[in-house]
Amino acid sequence: MSDRAGLDRRDFLRAAAGGGFALGGLLGLGLDLRAAQRAAARSRFANTREVPSVCPYCAVGCGQLVAVRDDKIVNIEGNPDSPVNRGTLCPKGAATYQLAVNPHRVTQVWYRAPGKTEWDKSKPLGWAMREIALRVKKTRDATFQEKTDKDHLGRPLTDAKGKPVTKTVNHTLAIASLGGATMDNEWNYVQAKLMRALGVVAIENQARI
Ligand code: SF4
């Protein structure tokens with residue numbers, strides 16, 4: 001890319017960073033800084049495809065634009081077309097790129113068997129998903145209650161006159177669901193539906209605390 005003063009983008013950035021010219025000096029050369037800045041911004045995302053998305057961090061649901069080049073994410077920023085945030089992001093949302101592109105990101109299943117102190121990192125994701133489903137079903141089958149005559153502390157349930165009563169509950173108290181901040185609205189909606197359908201009553205999300 002060349003600008004009208006004959007400097008290529010690399011020369012411009014080097015000069016702007018103090019490598020020989022002050023910005024005023026660039027102006028003195030007749031360089032249109034605003035045009036150069038626009039061109040630099042465009043070239044940063046040259047040959048990219050922008051995918052509208054939603055910030056994964058909280059229920060505000062700010063719109064984001066994910067720039068993708070060669071099937072790799074190269075940038076994530078606020079979507080100016082979103083009526084929620086109009087291009088802005090809070091510091092957490094602005095760091096979403098680092099959530100997706102990060103050498104420290106955990107990309108494999110970590111499993112610590114009961115009684116073990118070491119993590120087993122050899123399990124495939126399919127194994128983990130199936131294991132979770134099997135354990136949820138097994139626990140629910142073993143603990144599901146249609147009716148109860150006791151409260152959550154094990155005390156007998158009574159009516160206003162002290163007479164023992166039995167109530168329909170259709171629940172299990174043996175499973176809990178704790179969501180995380182990276183669960184978006186849609187995931188939380190489906191998660192809550194699934195948990196309530198299973199009869200889980202202990203449903204919480206860390207992002208709400
Ligand atoms: S974490 Fe920040 S950027 Fe993301 S949705 Fe919430 S307020 Fe918006």
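Let me start with one term: a residue counts as buried when its relative accessible area is under 20%, and as exposed when that area is over 50%. Keep those cut-offs in mind, everyone, and thanks for coming. What you see above is a predicted model.

A quick orientation. The chain contains seven helices and six strands. If you walk along the sequence, the order of elements is α-α-α-β-β-β-α-α-α-β-β-α-β. Of the 209 residues in the chain, 22% are buried.

Now back to that opening term, with strand β5, where T172 sits. Is T172 buried or exposed? Its relative accessible area is 0%, and the cut-off for buried is under 20%, so T172 is buried. The side chain of T172 also has a partner: one of its polar atoms lies 3.1 Å from the backbone nitrogen of A174.

Stay on β5 for a moment, because A176 is in this strand too, and at 61% relative accessibility A176 is exposed. So β5 holds the buried T172 and the exposed A176. A176 also has a partner further along the chain: V200 is 24 residues away in sequence, and the two C-alpha atoms are separated by 6.5 Å.

Let's turn to the pockets. The largest pocket has a volume of about 690 Å³. Which residues come closest to its centre? They are M129, I132, W187, Q191 and M195, out of 20 that line this pocket. Three elements each give two or more residues to that lining: α6, at 125–143, β5, at 167–179, and α7, at 185–198. So our strand β5 turns up again here.

What is the lining of the largest pocket like by class? There are 15 nonpolar residues, five polar ones and no charged ones. And where does this pocket lie with respect to the domains? Domain 3, covering 106–141, and domain 4, covering 144–209, both give residues to the lining, so the pocket lies between them.

On to the second largest pocket, which has about 280 Å³ of space. Its lining residues include S53, V54 and P56, along with Q64, V66, I73, I76, T96, L99, A100, R105 and T182. Strands β1 (49–54), β2 (63–69) and β3 (72–78), together with helix α5 (96–100), each give two or more residues to the lining. Which of these elements gives the largest share? That is α5, with three residues. By class, this lining has seven nonpolar residues, four polar ones and one charged one.

Then there is the ligand. The residues around the ligand are C55, Y57, C58, V60, G61, C62, L89, C90 and G93. That shell has seven nonpolar residues, two polar ones and no charged ones.

Next, a few spots in and around the strands β1, β2 and β3. Take N47, in the loop between α3 (33–44) and β1. N47 is not a glycine, yet it has a positive phi of about 60°. N47 is also exposed, with a relative accessible area of 72%.

D70 has a similar story to tell. This residue is in the loop between β2 and β3. The phi of D70 is near 50°, again a positive value in a residue other than glycine. With 67% relative accessibility, D70 is exposed.

Strand β3 also includes K72. K72 has a relative accessible area of 59% and is exposed. How far apart are K72 and T48 in space? Their C-alpha atoms are 9.4 Å apart, with their positions 24 residues apart in sequence.

One last stop is P83, in the loop between β3 and α4 (91–94). P83 counts as exposed, at 67% relative accessibility. In sequence, P83 and G63 are 20 residues apart, and from C-alpha to C-alpha they are 8.1 Å apart.

To wrap up, here are the points to take away. The largest pocket lies between domain 3 and domain 4, because both give residues to its lining. That lining has no charged residues, and the shell around the ligand has none either. And T172, where we began, is buried at 0% relative accessible area. Thanks, and I'm happy to go back to any of these places on the structure.

Technical notes. Residues are numbered from 1 along each chain as its sequence is written. This is a predicted model: local features need pLDDT of at least 70, side-chain atom pairs count only at pLDDT 80 or more; totals for chains, interfaces and linings use all residues. Side-chain values use heavy atoms; hydrogens and water are left out. On a 1 Å grid over the protein atoms alone, a cavity is a set of points where a 1.4 Å probe fits but cannot get out, and a pocket is an open set with protein on both sides within 12 Å along at least five of seven lines; lining residues have an atom within 4 Å of a point. Grid points are joined across faces, edges and corners, and a volume is the space filled by probe spheres set on the points. Helices (H or I, at least four residues) and strands (E, at least two) are DSSP runs, numbered from the N terminus. Ala, Val, Leu, Ile, Met, Phe, Trp, Tyr, Cys and Pro count as nonpolar, Asp, Glu, Lys and Arg as charged, and the others, Gly among them, as polar. Domain bounds come from an automatic or database domain assignment. A residue is near a molecule or strand if one of its heavy atoms lies within 4 Å of it. Buried means under 20% relative accessible area, exposed over 50%, partly exposed in between (1.4 Å probe, protein chains only). A polar contact is a pair of N or O atoms within 3.5 Å; within protein, one must be able to donate a hydrogen and the other to accept it, and residues adjacent in sequence count only if both atoms are side-chain atoms.
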